[in-house]
Amino acid sequence: TLTMADLKLGFPKEEYDSLVNNRISIVDFLSRVLPIRTADVSDPGNKLTELLLSYHSDDGGAVIITRIELEHVAYDDQKKAGKINFKYFLTYHYACSYSEKEYKKNDKVDFVLDAVATTIKLTFLDLDTRSTSDEF
């Protein structure tokens with residue numbers, strides 16, 4: 001069975017109204033409401049980077065995410081749901097060899113917008129069920 005990890009984040013109602021009234025695109029909306037700005041990414045309390053990092057915790061070395069981008073977004077405005085393909089950059093620090101490596105990664109995440117609660121719910125595939133067939 002597939003297990004999922006969910007992340008719920010609130011967003012300002014004004015941003016949602018702008019989306020509904022076609023003043024901003026879904027990509028603009030997500031860029032504004034998701035914690036993917038440079039300052040957000042470096043914040044140790046960022047739950048989004050935490051979930052993305054959990055995919056790489058067994059790789060060895062100290063790992064941080066330096067950048068997150070929205071590579072592709074599909075959105076159904078009737079269902080208020082879609083998919084995000086996050087492109088993000090990992091930097092590994094290996095203390096013993098004083099070396100650093102940067103890797104580019106992709107992860108697909110489902111999302112649902114709740115207009116009443118003004119939340120976005122991101123659903124991540126759990127570590128154990130994620131395989132290379134999920135990547136594109």
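**From the helical loop to the sheet**

Asn 22 is found in the loop that connects helix 1 (13–20) with helix 2. In this predicted model, the phi angle of Asn 22 is near 60°, a positive value in a residue that is not glycine. Most residues other than glycine have a negative phi. Asn 22 counts as exposed because its relative accessibility is 67%, and the cut-off for that class is over 50%.

Helix 2, which covers residues 26–33, leads from this loop to the sheet, on which it packs. Helix 2 touches strand 2, strand 3, strand 4 and strand 5 (119–125), and its direction makes about 150° with that of strand 2. Helix 4 (residues 47–54) lies across strand 1, strand 2, strand 3, strand 4 and strand 5, and runs at about 100° to strand 2.

The sheet itself is open and consists of five strands in the order 1-5-4-3-2, with antiparallel pairing. Its edges are formed by strand 1 (4–10) and strand 2 (62–76), each of which pairs on one side only. On average, neighbouring strands of the sheet are turned by 30° against each other, direction ignored.

Within the sheet, strand 3 (residues 81–94) and strand 4 (residues 99–114) run antiparallel and are joined by 14 bridges. Thr 91 stands opposite Glu 102 of strand 4.

A further residue with positive phi is Lys 80, placed in the loop between strand 2 and strand 3. The phi of Lys 80 is near 55°, and this residue too is not a glycine. Lys 80 has a relative accessibility of 28% and therefore counts as partly exposed.

Technical notes: Residues are numbered from 1 along each chain as its sequence is written. This is a predicted model: local features need pLDDT of at least 70, side-chain atom pairs count only at pLDDT 80 or more; totals for chains, interfaces and linings use all residues. Side-chain values use heavy atoms; hydrogens and water are left out. Two strands pair if DSSP finds at least two bridges between them. Helices (H or I, at least four residues) and strands (E, at least two) are DSSP runs, numbered from the N terminus. Axes are lines fitted to C-alpha atoms, for helices over the stretch in contact, and angles run from 0 to 180 degrees between N-to-C directions. Contact means heavy atoms within 4.5 Å. Buried means under 20% relative accessible area, exposed over 50%, partly exposed in between (1.4 Å probe, protein chains only).
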